[in-house]
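Please load the model in a viewer and follow the selections below in order. Each stop names what to select and then describes what is found there.

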Amino acid sequence: MLDFTFLGTGTSTGVPVIGCDCEVCRSDDPRDHRLRASILVRTPHATILVDTSPDLRVQMLLAKPPRVDAVLFTHAHADHTAGLDELRRFNVMQAERIPVWATEATAGDLQRRFSYAFDHSISFFGGKPDLDLQLFDPTEPFTAAGVEIVPIPVLHGRLPIVGYRIGGLAYVTDVKSIPDSSRLLLDDAEVLIMTALRRKAHIAHMNLDDALAAIARHHPQRAFLTHLAHDMGRFADVAPLLPPNVQLATDGLVVSGVSVTRSMP
Ligand SMILES: [Zn+2]
Ligand SMILES: [Zn+2]
Ligand SMILES: [Zn+2]
């Protein structure tokens, strides 16, 4: 079995938003406070981080994983990558280089922005991350830290990005549309995590209606909505509107008992 933790469930600004005094940003309900989107997946033998949000330091202080065996990137936008430097603590704790997995396009962006993290000629001693960049073909499964990972190609507006299927879990953030060729990979998940930015339409993200329609089409046992913006509304107001198998994700929420191997539909 695997379990996972929502390290962050907010859109790129996080919630509250700097300088905003809307009712969500002023809310004292902790379920309305959202760090940038990321999950941490634990199998019996591996801990896998999906994305390195700008809030990674705080997220790791709260979740306290003893190690990170691999990092999977969905895409290179700053809200999914800007915390990459914080991985250096895991290099020190583990005394080893850490593999990070990305498509060729995402890897190119990571190398431009964080070239020092992938330069093995510089000794690190905790002063910089020491990462092994591993490329994968988004149309083929691969193995990271001994775990089968199935990339799910989706479109973030016009940008091709990936979600991931890990056993019974499907994580699809920052998606606007799902190509037909990816639909089978989303079917019958035990847990499906989808972007739902807000109620209004957005050019690059599913809104609430889009996400609920996608969830209904893929009939997961349970679904969670993530990458939420302040204009989605307060947790307490939105949660009662959702179908019984769909929840708003919240920071720090742990979900356990998900299959590590995928039953093929
Ligand atoms: Zn994002
Ligand atoms: Zn606000
Ligand atoms: Zn994005």
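Begin with the two metal ions: select the zinc ion (ligand 1) and the zinc ion (ligand 3), which lie 3.5 Å apart in this predicted model. Add Asp-174, which coordinates both ions.

Next, display the side chains around the zinc ion (ligand 1). Its ligating atoms come from Asp-79 (OD), His-80 (NE2), Asp-174 (OD) and His-227 (NE2), at 2.1 to 2.3 Å. Along the chain, these donors of the zinc ion (ligand 1) follow the spacing D-H-x93-D-x52-H. What arrangement do the four donor atoms around the zinc ion (ligand 1) make? The arrangement is irregular, because the angles that the donors subtend run from 93 to 162 degrees, whereas a tetrahedral assignment requires all angles to lie between 85 and 135 degrees.

Keep Asp-79 and His-80 selected and turn on a surface. Is Asp-79 buried or exposed? Asp-79 counts as buried, at 8% relative accessibility. His-80 is likewise buried, with a relative accessible area of 0%.

Now select helix α4, residues 104-113. Its buried residues are Thr-106, Ala-107, Gly-108 and Leu-110. These buried residues pack against α2 (78-81), β5 (98-102) and β6 (131-135). Helix α4 lies across β5 and β6, and runs at about 155 degrees to β6.

From α4, move to the sheet and colour its strands individually. Seven strands form an open sheet with mixed pairing, in the order β6-β5-β4-β3-β2-β1-β14. Strands β6 and β14 (254-258) stand at the edges with a single partner strand each, so one side of each has no neighbour in the sheet. On average, neighbouring strands of this sheet are turned by 20 degrees against each other, direction ignored.

Zoom in on strand β1 (residues 2-8) and β14, which run antiparallel and are joined by three bridges. Within this pair, Leu-2 of the chain stands opposite Val-258 in β14. Then add helix α1 (residues 56-63), which packs on the sheet and touches β1, β2 (38-42) and β3 (47-50). The direction of α1 makes about 135 degrees with that of β1.

For the last stop, select the cysteines Cys-20 and Cys-25. How many disulfides does a search of the whole structure find? The search finds zero. Cys-20 counts as partly exposed, at 25% relative accessibility, whereas Cys-25 counts as buried, at 10%.

Key:
Residues are numbered from 1 along each chain as its sequence is written. Chains are lettered from A and ligands numbered from 1 in the order in which they are written. This is a predicted model: local features need pLDDT of at least 70, side-chain atom pairs count only at pLDDT 80 or more; totals for chains, interfaces and linings use all residues. Side-chain values use heavy atoms; hydrogens and water are left out. Donors are N, O and S atoms within 2.8 Å of the metal (3.2 Å for Na, K and Ca); water is not among the atoms, so sites may look incomplete. Four donors count as tetrahedral if all angles lie between 85 and 135 degrees; four count as square planar and six as octahedral if opposite donors are over 155 degrees apart and all others between 65 and 115; anything else is irregular. Buried means under 20% relative accessible area, exposed over 50%, partly exposed in between (1.4 Å probe, protein chains only). Helices (H or I, at least four residues) and strands (E, at least two) are DSSP runs, numbered from the N terminus. Contact means heavy atoms within 4.5 Å. Two strands pair if DSSP finds at least two bridges between them. Axes are lines fitted to C-alpha atoms, for helices over the stretch in contact, and angles run from 0 to 180 degrees between N-to-C directions. A disulfide is a pair of cysteine sulfur atoms within 2.5 Å.
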